[in-house]
Amino acid sequence: MFAEADLTSPVTIKQLCDCFDIRPNKRYGQNFLIDYNIVQKITDSAGLTSSDRVLEIGPGIGTLTREISKKAGSVVAVEVDKKLIPVLDSTLSHCSNIKIVNQDIFKYNVGDDFLDTVKVIGNLPYYITTPIVMWLLEEVPQAAEIVIMMQKEVAKRFAAKQGSRDSSAVTLAVQYYSEIEELFDVSKHCFYPAPKVDSTVVRLKRHTENPVAVKSEKLLFECIKKSFEKRRKTLINSLFGINGLEKERLVKILNEAGIDPRLRAENLTLQQYAVIANLIYDINN
Ligand code: SAM
């Protein structure tokens, strides 16, 4: 019944709500895209061709899904809200290359559908953007390219440059796994219902090789996390205690690494964190 309907029209969305007895659910971060130009720009940014297999996170009522289906070989769309499944069955009934999975993305086993590389696309629910991105980078090696929309401020943090106030432990983690690019901003007025904040579409391309040589990834991320936990403090005061290290020993390590112990977390590059982590690693191994 809704196979031909314009899903970017608020009138259609209201009709879908009445017909399927649903309301956009805040709990799941449901803000649906109502600007077809943006839908096109997102899918174009992923450079889709008929040989691409796509994983879409949170299809909602199927607006992006339809466009992906036109441009890619196939799409698996994972939606947590079971009330939206009959909606998707209706709005996407004419598309033969879409598989809809009713599942929480964190419980979805990507390997069931994708053994090889996959492009990931999503207009992400704001409340779990960072966990989803970290899950994709850390746990889903198949995710070679990720084009996602997120809250503008979160995108700024993800893509922050060295020395910027926006940088955080997540910035370094994103850099470790991928190359990130902020593509374009999207006004809050492009959604129904309109959220309180604007969004940004970003693209993450997974590195084919690790950008830094680390002896222990775990220790690298511990160093980064500990440094940013007390980001107002100098490195020597925030990092001290890691792996039971006394201050004197830590000063020696930082000197050996050629790093001023008075610097703060955001001043260091990923490469410098890797050098510190490797020197600490060598003490115990
Ligand atoms: N893609 C649609 C669009 O652009 O109009 C909807 C985007 S809406 C911002 C986010 C979607 O993610 C909603 O459909 C929501 O139900 C779904 N979602 C929220 N949490 C999820 C989770 N843990 N796993 C899968 N989908 C989720």
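Biologist: What makes the approach of Leu 33 to the ligand a polar contact?

Modeller: In this predicted model, a backbone N or O atom of Leu 33 lies 2.9 Å from an oxygen atom of the ligand. The cut-off for a pair of N or O atoms is 3.5 Å, so the pair counts as a polar contact.

Biologist: And what makes Gln 30 and Val 80 polar partners of the ligand?

Modeller: The cut-off of 3.5 Å settles both, because Gln 30 has a polar side-chain atom 2.9 Å from an oxygen atom of the ligand. For Val 80, a backbone N or O atom lies 3.4 Å from a nitrogen atom of the ligand, so that pair also counts.

Biologist: How do you know how much of the ligand is covered?

Modeller: On its own the ligand has 590 Å² of accessible area, and the protein covers 99% of that. The ligand is surrounded by 22 residues; among the closest are Gly 58, Glu 79 and Asn 123.

Biologist: Let's turn to the rings. Why is the pair of Tyr 176 and Phe 221 called edge-to-face?

Modeller: The ring centres are 5.4 Å apart, within the limit of 6.5 Å, so the rings pair. Their planes stand at 90 degrees, and over 60 counts as edge-to-face, so the name fits. The pair links distant parts of the chain, with Tyr 176 in helix H7 and Phe 221 in helix H8, 45 residues apart. The structure holds 6 aromatic pairs.

Biologist: Nice! Now the sheet: what makes S4 and S7 edge strands?

Modeller: Each of them pairs on one side only. The order of the 7 strands in this open sheet is S4-S3-S2-S5-S6-S9-S7, with mixed pairing. From one strand to the next, the twist averages 15 degrees.

Biologist: How do you know that S7 and S9 pair?

Modeller: At least two bridges are needed, and 8 join S7 to S9, so the two strands pair. They run antiparallel, and Val 186 stands opposite Ser 199 in S9.

Biologist: Which helix packs on the sheet, and which strands does that helix touch?

Modeller: Helix H5 (residues 129–139) does, touching S2, S5, S6, S7 and S9. The direction of H5 makes about 175 degrees with that of S6.

Biologist: Last, what marks out the backbone at Pro 193 and at Asp 21?

Modeller: A cis peptide bond joins Tyr 192 and Pro 193, with omega about -10 degrees. Pro 193 sits in the loop between strand S8 and S9. Asp 21 is not a glycine, yet has a positive phi of about 55 degrees. The place of Asp 21 is the loop between helix H1 and strand S1.

Key
Residues numbered from 1 in each chain as written. Predicted model: local features only at pLDDT ≥ 70, side-chain atom pairs only at ≥ 80, totals over all residues. Heavy atoms only, no water. Helix = DSSP H or I, 4+ residues; strand = E, 2+ residues; numbered from the N terminus. Axes fitted to C-alpha atoms, helices over the stretch in contact; angles between N-to-C directions. Contact = heavy atoms within 4.5 Å. Near = heavy atom within 4 Å. Polar contact = N/O pair within 3.5 Å; in protein donor to acceptor, adjacent residues only side chain to side chain. Areas by Shrake-Rupley, 256 points an atom, 1.4 Å probe, with all protein chains shown as cover. Phe/Tyr/Trp six-rings, centres within 6.5 Å; stacked < 30°, edge-to-face > 60°.
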